[in-house]
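Thanks for making the time this morning. I would like to talk through how the aromatic side chains and the core are arranged in this one, so please have the sequence and the structure open as we go.

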Amino acid sequence: MGDESKKVTATMYNVEASELLSNEAQNLPISEAASIYEKLVSNFPTSAKYWKQYVEAYMAVNNDEAVKQIFSRCLLSCLHINLWRSYINFIRKVNEKKGSEGLEETRKAFDFMLNQVGFDIASGPVWMEYIAFLKSMPATSPQEESQRMTSVRKVYQRAILIPTNNLDQLWRDYEIFENSVSRTLAKGLLSEYQPKFNSAKAVYRERKKFVDDIDWSMLAVPPTGSSKEEVQCMAWKRLLAFEKGNPQRIDAATANRRVNFTYEQCLMYLYHYPEMWYDYAMWQSKSSPSDASIKTFQRALKALPDSNILKYAYAELEESRGSALSAKKIYESLLADDKTATSLAHIQFLRFLRRTEGSESARKYFVEAHKSPTCTYHVFVAFAMMAFCVDKDPKVAQSVFETGLKRFMKEPAYILEYADFLCKLNDDRNVRALFERALSLLPPEDSVEVWKRFVQFERTYGDLSSMLKVEQRRKEALSKAKIDEGSSSALENDLYDVVSRYSFLDLWPCSSKDLDHLSRQEWLANVGDKRAAEKPGLSNVGGALDGTSIGISTTNPNQLLPSTRVVLPDISRMVVYDPRQSKGPEFPGASNFNIPNLGGVTGSTNSTETDECLKLCSPSLQAFIVNLPPVEGLVPDVDVVLSILLQSSIPACRAASTSNQPAANPASSMNQNGAANRPGKRKDLERQDEDDVSRVQSRSLPKDVFRLRQMQKTRGATSSTQTGSAASGGSILSGDQSVSSN
């Protein structure tokens, strides 16, 4: 959709502006307001509110002909109880002075109304109004009296089976009615309908929960992706699923009518949602063998004329019903305008013709279609593969590819599709010739994928010399153009190239640990040592974690993921990282993991367990943990944090461990055993600290830390357990670990 089209759509469906127009129209005489109402109902054809205002404006001036015309335009598409009550009030007013003939017309109008909206949960007052109308009808003979009582009884018995807001009142009125007619007959009828009424009442309580989630004042506008729209869409889907389940266990015909009514009401508000139209049509095609689903598709395309997906679905339905001619007309409508016809439409029509009329018909259409200015390389690929796979004719397929090559030699995707086809023919000579031709014509910036496929082909099917030669040519070609995506690094002949050559699918010629190391080195080479030194924090690590072991891909093992392509979130806008949200020096995540009192930091109550855990750490690591900044909300993944700590060189910091002790002369300071520290032993002490750090970093993790890891993993963190895969279970560079926000 173009920018101009989007602007027009936004103007048409501006809800605030429409409300202002509606309020303005209500204060104007109908002669002036009519044009405003026409505009409103044109933009919102399913808005019962605007139709009701429009028709009541004409009713106020007693323009009955205009009222009838408006009702004929909106009633069947707006199954809203308020609009229909305006209709019945108009009918009663028109027929009140026509005697028995007018009464009969009113009765028919009531029947028509209740057949359309009688399933509405708010239709209880209408049922009661109809019953009161029937009771008021004159009866001049015992026979007419009997007929009237029978009519009233039938309406009561229909009304008490529908889950409506006034169900209890209807039941009480029915009991009074039956007892007033015959107590003997009433006992049997009431005992028969009591269980049915109880079932309807139970269903009403459940139904009301779903109905209350729906905004009945919402206008039908094209979806914009707002949260309110999504909530309403899901609310309607839940109500539809509830009705489809037939919770009242009524007969299938009545249950289907109730579902049909719910769909019609849903489309008043989700009028521009293709999924709801499609769901409605598919339900109709399964629930009844009639043409109702065809009519629904026709209505859908009238509502959404630009929805190609609905046209494909409609054609599919017609084809499945054996109406190939009708389906063909739909496809032809997609291709009617040669300037706007898409390649996808050409492809789907080719497949349709092959299914219904045979390969020859599809071939004839392709001959015409490939001349279209909107025909892209996709059409050539689709028809060639159809000839190869369906017709088993590789010569025709190759001829089509060669014909397309004249137009699409500079389309890398077309070259790759043709290369795949030639590989299926085991025609390695022509594959190499194709790559050479394409690479001689393609600009360097468009040749990356072709080079990759060429290298992959040689690694799979070529000899060692050809493999090395093509790899070197690719490095030279892409490095000169300064677009090499990581295939060349600071090292001229690094081991990573060997890993790429001798890997297959998810099998690797080295351990996960070696893969992590090589990936890290490759990443640093691409990013640059200077940049890595300037930003050694977790953001760069996050960039590394976004790839599959830093770009080692099972489908493309030679492809790396440089950090320049990683899109990192703007953490400054996340509330969890906002320092203004901090409420005190609480240890982050303490409540989640029951980690209390870390060196005086307020936390939970189980301090002994944490103190024991801290005793296993070096003094510098203790100081680091104790001085962690407070964070409100979720915390980083424990595995990632521990991996960073274990792979980092943390300098010794004795001052942190003795910060709570009074300052003293270095010559008379006491060590941990109570002995005086002499200046001559400073080197020994520093060496001892370094040994402590090294020993802690190399020792196995304590049980408590493993327990913390396990608790974090239950919150959603996952790690790879596949032997020999690119992912390492706890390594920061394995590609499976990431900063958890769950």
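Phe401 and Tyr414 are both buried, and I should say at once that what we are looking at is a predicted model. Phe401 sits in helix H21, residues 394-408, and Tyr414 in helix H22, residues 412-424, with the two positions 13 residues apart, and the pair they form links distant parts of the chain. For the geometry, a pair of aromatic rings is described by the distance of the centres and the angle of the planes. For Phe401 and Tyr414, the computed values are 5.8 Å centre to centre and 50° between the planes, and the pair is classed as tilted. Both residues also belong to a cluster linked by ring pairs, whose members include Phe366, Tyr377, Phe380, Tyr418 and Phe421.

Across the structure there are 47 aromatic pairs. Take Tyr87 and Phe112 as another case: their ring centres are 6.4 Å apart and their planes stand at 75°, and since an angle over 60 degrees counts as edge-to-face, that is the label this pair receives. Tyr87 lies in helix H6, residues 81-95, whereas Phe112 lies in helix H7, residues 99-117, so the pair ties together parts that are 25 residues apart in sequence. Tyr87 is buried, at a relative accessible area of 12%, while Phe112, at 32%, is partly exposed.

Turning to the core, the largest nonpolar one has 159 residues, and Tyr54, Phe71 and Tyr174 are the members with the most contacts inside it. Helix H20, residues 377-389, supplies the largest share of this core, namely 11 residues. Apart from it lies another core, of seven residues, including Leu614 and Leu645.

What does Tyr174 touch, leaving aside its neighbours within four places in sequence? Its contacts are Arg153, Tyr156, Gln157, Ile160, Leu189, Leu190 and Tyr193. The last of these, Tyr193, has Lys196 over its ring face, at 4.7 Å from the ring centre.

Finally, consider helix H16, residues 308-320, where 13 residues at 1.5 Å a residue should span 18 Å, and the end C-alpha atoms are indeed 18 Å apart, so expectation and model agree. Among the buried residues of H16 are Leu310, Lys311, Tyr314, Leu317 and Glu318. The cover over the buried residues of H16 includes helices H14 (274-287), H15 (292-303), H17 (324-334) and H18 (343-356). Just after H16, Gly322 adopts a positive phi of about 90°.

Terms used
Residues numbered from 1 in each chain as written. Predicted model: local features only at pLDDT ≥ 70, side-chain atom pairs only at ≥ 80, totals over all residues. Heavy atoms only, no water. Core = buried A, V, L, I, M, F, W, Y, C linked by side-chain atoms within 4.5 Å. Buried < 20%, exposed > 50% of the residue type's maximum accessible area, 1.4 Å probe, protein only. Helix = DSSP H or I, 4+ residues; strand = E, 2+ residues; numbered from the N terminus. Contact = heavy atoms within 4.5 Å. Phe/Tyr/Trp six-rings, centres within 6.5 Å; stacked < 30°, edge-to-face > 60°. Lys NZ or Arg CZ within 6 Å of the ring centre and 35° of its normal. Expected span 1.5 Å × (residues − 1).
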